[in-house]
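Here is a short tour of a ligand site and of one residue elsewhere on our list. Have the viewer open and follow along.

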Amino acid sequence: MTERPLVWIPRPVHDDALARLRPYAEVCPGYGAEGVTFDEVHDRVAGVLLRTERVDGAMMRRAPRLRIVARHGVGLDTVDVDTARELGITVTTTPTANSRSVAEHTVALLLAVRRGIGIAVRDEGDTRAAIHGRELGGAVLGLVGFGRIAREVATIAGRGFGMRVLAHDPMVPASVMTDAGVEPADLPTLLSLAENLSLHVPLVEATRDLIGLPELLALPEGAVVVNTSRGGILDESALLTAVRRGHLAGAGLDVTAVEPLPSDHPLRAEPSVVITPHTGAQTAQALRRMATEAADHIIAHLT
Ligand code: NAD
């Protein structure tokens, strides 16, 4: 009988992924009572199913049988892709697995801010009088970036809530937007109309501080900003200024420049700012999809 390839899994993943892998591979956890370190299996490991741990070039060079590093989620900052390329090791991600979860979280934050949920749960003083909610129905939503997550947001907001959805994304053809019932717009036009603004771009040099004070002040009075993409795209001190001046009605943040956001950060003291600790993708469905898709990448590659 031929030896089955060994797959090392440094941190727990959904059981369905392990069940999928077992007929094809020897599954070797790096956690729990039976857990083994990479060094204990480096000469046999053929695949790694990776959450947020690091696989650096030195590890790859010590693993002559390694053929695939499958990321659970997106982002390749924990994997030395250059060394992987040099050694012919495939690196995969699961880019669509959590889009729906993040999109739903985006809408949850928008609703939380628009309906004063943050103020209500604090319940300090005359909460009813302090809350001046606004419906989403009929309001304008501006999406900056129109990739996987933004398209899901557009579907929920447009078809579900009856919002008028505009999007700005220089890399996406206008026809893709109009086919989705979304109006393409340049950034200044979008900002001038967006009563609700939601950010869905990657953090790269060109998008760092993409939304600063001039952009926030270009939004209609009483606008709400939601960021579930990456901290650093939205200038947080500008956000604080715009909220304190009363130009913005509030903000919903799942991501911040520093995570976790310190407990004494001034944004935390703003009742109209709702902050979640990067939990946009934390759903049972997304965790299962990320794990099983990564397992499928390993199976496809090793068989
Ligand atoms: P995606 O790659 O599918 O879409 C990003 C879009 O941004 C692309 O269409 C691209 O053309 C566009 N874009 C790039 N630069 C732009 C610019 N300057 N102006 C306008 N558009 C621009 O990505 P996605 O899967 O939709 O993810 C979007 C963001 O969400 C990423 O930053 C990702 O890291 C983040 N994210 C957050 C969570 C969370 O837990 N909160 C989970 C997953 C992803």
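## Around the ligand

The shell around the ligand is made up of nine nonpolar, 10 polar and four charged residues. In this grouping, Ala, Val, Leu, Ile, Met, Phe, Trp, Tyr, Cys and Pro are nonpolar, Asp, Glu, Lys and Arg are charged, and the others, Gly among them, are polar. This is a predicted model, where local features need pLDDT of at least 70, side-chain atom pairs count only at pLDDT 80 or more, and totals for chains, interfaces and linings use all residues. Residues are numbered from 1 along each chain as its sequence is written, and side-chain values use heavy atoms, with hydrogens and water left out.

## Polar partners

Which residues come nearest to the ligand? Of the 23 around it (a heavy atom within 4 Å), they are Arg148, Ile149, Asp169, Val201 and Asp254.

A ligand oxygen lies 2.6 Å from a side-chain N or O atom of Asp169, and a ligand oxygen is 3.0 Å from a polar backbone atom of Val201. A ligand nitrogen is 2.9 Å from a side-chain N or O atom of Asp254. On its own the ligand has 860 Å² of accessible area, and the protein covers 84% of that (Shrake-Rupley method, 1.4 Å probe).

## A look at Thr127

Thr127 belongs to helix H7, residues 127–130 (a DSSP run of H or I, at least four residues, numbered from the N terminus). Is Thr127 buried or exposed? Thr127 counts as buried because its relative accessibility is 10%, where buried means under 20% (1.4 Å probe, protein chains only).

Definitions and conventions. Polar contact = N/O pair within 3.5 Å; in protein donor to acceptor, adjacent residues only side chain to side chain. Helix = DSSP H or I, 4+ residues; strand = E, 2+ residues; numbered from the N terminus. Buried < 20%, exposed > 50% of the residue type's maximum accessible area, 1.4 Å probe, protein only.
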